[in-house]
Amino acid sequence: MISDLLMPFQYEYMQKAIFVSALVGAVCGLLSCFLTLKGWSLMGDALSHAIIPGVVVAYGLGIPIALGAFVAGTLATGAIGWIKEMVAIRDDAIIGVVFSTFFAIGLLLISLYPSPINLKMIVFGNILGISDQDIVQLLAISALCLATIFIFWKDLFLWCFDPIQAQVLGFPVRLLKFMLLTLLTLTAVAALQTVGVCLVVAMLITPGATAYLLSDRFGTMMIIALFLGSLTSFCGAYLSYFFDGSVGGSIVVLQTSLFLIAWIFAPKHGILAMKGFKMKSLRLEFK
Amino acid sequence: MTSLSPEKLTITVRGVTVTYSNGHRAIEEASFHLEAGCICALVGVNGSGKSTLFKALMGFVKPTDGDVLISERPVLEAQKRNWIAYVPQAEEVDWTFPVSVWDVVLMGRYGYMNFLRMASSNDKKIAEESLQKVQMWDFRDRQIGELSGGQKKRVFLARALAQQSRVILLDEPFTGVDVKTENAIIDLMRELRAEGKIILVSTHNLGSVPDFCDHAVLINRRVLAWGPLNEVFTEENLTKAFGGVLRHFHFDKSTIDDNDGRSVTLITDDERPLVLGKGGHLEHRNLTNSKEGNEP
């Protein structure tokens with residue numbers, strides 16, 4: 001019985017998949033706190049698609065894919081910012097146009113030039129077949145992101161919460177924005193390899209949204225999101241072995257289930273608690 | 001960091017023009033000068049360039065022409081020295097954020113903290129004193145969305161206090177605020193003025209200005225008048241600043257002399273009225289608390 005449960009750990013590829021997923025889930029969870037509060041969900045989706053041409057070119061040239069993704073991501077955000085200045089269109093329309101264009105360029109490149117990556121990898125992730133070289137890159141990306149967030153989380157949070165105050169204090173607000181965008185790009189690369197491009201945004205939003213329902217303090221929210229992101233990714237990868245399903249799919253379904261549970265049962269922001277509050281005040285009224 | 005350097009505190013705005021990238025010229029050749037220990041109202045209608053001038057003072061927009069200097073230094077340098085504090089309007093803040101009252105007030109101390117923004121015991125002491133001063137210490141663990149309008153305003157006032165700045169900018173401080181908070185804000189501004197700070201209040205609420213301000217800058221894309229309040233707040237200047245927006249009620253046949261001689265009652269529904277006497281001097285003035293008590 002126990003040996004059955006430990007079965008996934010007997011295979012090296014499953015060990016790798018489980019622990020890499022857990023690490024990526026932790027980083028994504030931490031970052032998701034900033035994205036949900038800043039209202040950057042669409043930006044997360046956009047960037048995860050926009051980095052594809054960079055990933056493809058980097059694979060082709062044999063340079064770290066994080067570097068290629070970073071260049072493509074920066075180009076995309078630069079293009080979004082530039083178009084915003086030049087044309088009077090709503091932000092979401094500009095983001096939509098830019099990220100789908102970048103994604104399309106990525107798809108074209110994949111189809112035109114034969115390379116070790118294929119469409120399936122991009123769309124669904126490739127955590128079960130991840131190479132040691134990619135694992136090293138993922139470890140480096142995660143370490144860099146964790147360290148940056150650990151050092152600058154208060155500055156980043158102030159910028160999200162009250163950019164005016166950040167600027168009045170003389171903080172480098174442009175740099176903080178660039179920092180958060182860079183963190184987002186790097187984390188998107190990591191998540192891309194784990195769950196695939198379609199599900200990146202779930203990894204980058206759901207843990208933060210769940211944690212928001214469970215806490216009134218940003219510090220606590222980050223700890224909860226980190227824990228949730230890592231736990232769901234660990235369990236998702238582990239469970240996927242038994243029903244032979246997609247790793248990304250099971251991680252994201254787990255995350256959404258926890259979100260739903262939190263949404264219903266959260267002590268303060270859950271729908272039951274809110275209903276209870278209403279009932280209580282009604283009872284008071286009728287007394 | 002020397003927050004109390006010997007140089008004198010002044011605000012100098014010299015020939016400032018701000019043109020936005022879409023070609024809109026928000027302010028033109030604005031100039032005025034303020035010295036330590038004053039409460040100055042920045043008065044103008046919506047679209048008069050009031051908020052642009054505020055942004056220029058905070059270093060958010062770069063003047064296309066002219067200088068904004070605080071103690072003869074550029075605004076960006078003043079920011080780094082923690083000289084400028086800003087109290088936002090309620091709608092500028094997202095009240096759903098997971099932050100407590102205590103967290104917000106500590107944000108006023110970030111400029112003094114190390115790069116990890118770890119609060120020293122001194123930072124905590126100052127934050128506590130600031131919260132006590134606005135009577136919000138008991139609410140320190142509340143999430144900011146769980147406060148009333150007046151309490152919210154007082155929290156951000158406490159943050160500005162905790163920053164120990166030289167210049168404090170307040171944007172429409174009395175909007176959505178109860179009378180208790182309004183009085184608390186006015187008392188606090190007077191205290192800060194006595195400490196030699198410059199308090200700049202942006203408002204369109206004319207009637208409340210004589211209650212607590214001793215200086216005023218009237219703006220309508222250009223600075224129309226600036227200086228001590230009773231020189232600036234004349235009917236002629238205000239008409240220039242507000243154009244057709246103001247409603248005038250002239251009491252041509254005042255019965256003051258026929259009755260008890262001094263007292264007038266004016267009933268108004270919303271904002272405080274500005275009452276000018278014959279010849280355009282300020283009729284209503286809260287003389288009991290004002291510093292120099294300019295007799296009209």
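The following dialogue discusses how to read the contact between two chains, and some features around it, in a predicted model.

Colleague: Before the contact itself, what does chain B consist of in helices and strands?

Modeller: Chain B holds nine helices and ten strands. Of its 296 residues, buried ones make up 50%. Among contacts in chain B with a separation of 6 or more, 67% are between residues 24 or more positions apart. The accessible surface of chain B is about 14400 Å², and carbon and sulfur atoms account for 48% of that surface.

Colleague: How should I read the size of the interface, and how many residues does each chain give to the contact?

Modeller: Interface size is often expressed as the accessible area lost when the parts come together. Here chain B and chain A bury about 2500 Å² between them, with 61% of that area on carbon and sulfur atoms. On the side of chain B, the residues that lose the most area to chain A are B:Phe60, B:Phe97 and B:Pro98, which together make up 26% of what that side buries. The contact draws 34 residues from chain B and 24 residues from chain A.

Colleague: How many salt bridges are there between chain B and chain A?

Modeller: There are three between these chains, while the count over all chains is 18. Chain B and chain A also have ten residue pairs in polar contact, counting pairs with both residues at pLDDT 80 or more. As for the elements of chain B that touch chain A, helix H2 (75-80), strand E6 (84-87), helix H3 (101-107) and helix H5 (149-162) each give two or more residues to that side.

Colleague: Where in the two chains do B:Arg117 and A:Asp155 lie?

Modeller: Their side chains meet in a salt bridge, with N to O at 2.6 Å. B:Arg117 is in the loop between H3 and helix H4 (121-133) of chain B, whereas A:Asp155 is in helix H8 (residues 132-161) of chain A, so this pair joins two chains.

Colleague: Is B:Arg117 buried or exposed?

Modeller: The cut-off for buried is under 20% relative accessible area. B:Arg117 has 12% and is therefore buried. A:Asp155, at 5%, also counts as buried.

Colleague: Which residue of chain A forms a salt bridge with B:Arg159?

Modeller: The partner is A:Asp162, and the closest N and O atoms are 2.7 Å apart. This pair crosses between chains, from helix H5 of chain B to the loop between H8 and helix H9 (163-168) of chain A. Both residues, B:Arg159 and A:Asp162, are buried. Another salt bridge links the side chains of B:Glu146 and A:Lys268, at 2.7 Å from N to O.

Colleague: Turning to a pair in chain B, how far apart are the closest N and O atoms of B:Arg73 and B:Glu77?

Modeller: They are 2.8 Å apart, and the two residues form a salt bridge. B:Arg73 has a relative accessible area of 22% and is partly exposed. B:Glu77 is partly exposed as well, with 30%.

Colleague: Which residues form the nonpolar patch on the surface?

Modeller: The patch consists of A:Leu260, A:Ile261, A:Trp263, A:Ile264, A:Phe265, A:Ile271 and A:Leu272, with about 650 Å² of accessible area together. Helix H13 (247-265) and helix H14 (271-286) of chain A each supply at least two of the patch residues. The largest share, five residues, comes from H13(A).

Colleague: Is A:Phe265 buried or exposed?

Modeller: A residue counts as exposed when its relative accessible area is over 50%. A:Phe265, which lies in helix H13 of chain A, is at 57% and therefore exposed.

Definitions and conventions
Residues are numbered from 1 along each chain as its sequence is written. Chains are lettered from A and ligands numbered from 1 in the order in which they are written. This is a predicted model: local features need pLDDT of at least 70, side-chain atom pairs count only at pLDDT 80 or more; totals for chains, interfaces and linings use all residues. Side-chain values use heavy atoms; hydrogens and water are left out. Helices (H or I, at least four residues) and strands (E, at least two) are DSSP runs, numbered from the N terminus. Buried means under 20% relative accessible area, exposed over 50%, partly exposed in between (1.4 Å probe, protein chains only). Contact means heavy atoms within 4.5 Å. Accessible areas come from the Shrake-Rupley method with a 1.4 Å probe; for residues, only the protein chains shown count as cover. Patches are made of residues with over 30% relative accessible area and no salt bridge: like charges are joined within 9 Å, nonpolar side chains (Val, Leu, Ile, Met, Phe, Trp, Tyr) within 5 Å. A salt bridge is a side-chain nitrogen of Lys or Arg within 4 Å of a carboxyl oxygen of Asp or Glu. Buried area is the accessible area (1.4 Å probe) that two parts lose on being put together, summed over both. A polar contact is a pair of N or O atoms within 3.5 Å; within protein, one must be able to donate a hydrogen and the other to accept it, and residues adjacent in sequence count only if both atoms are side-chain atoms.
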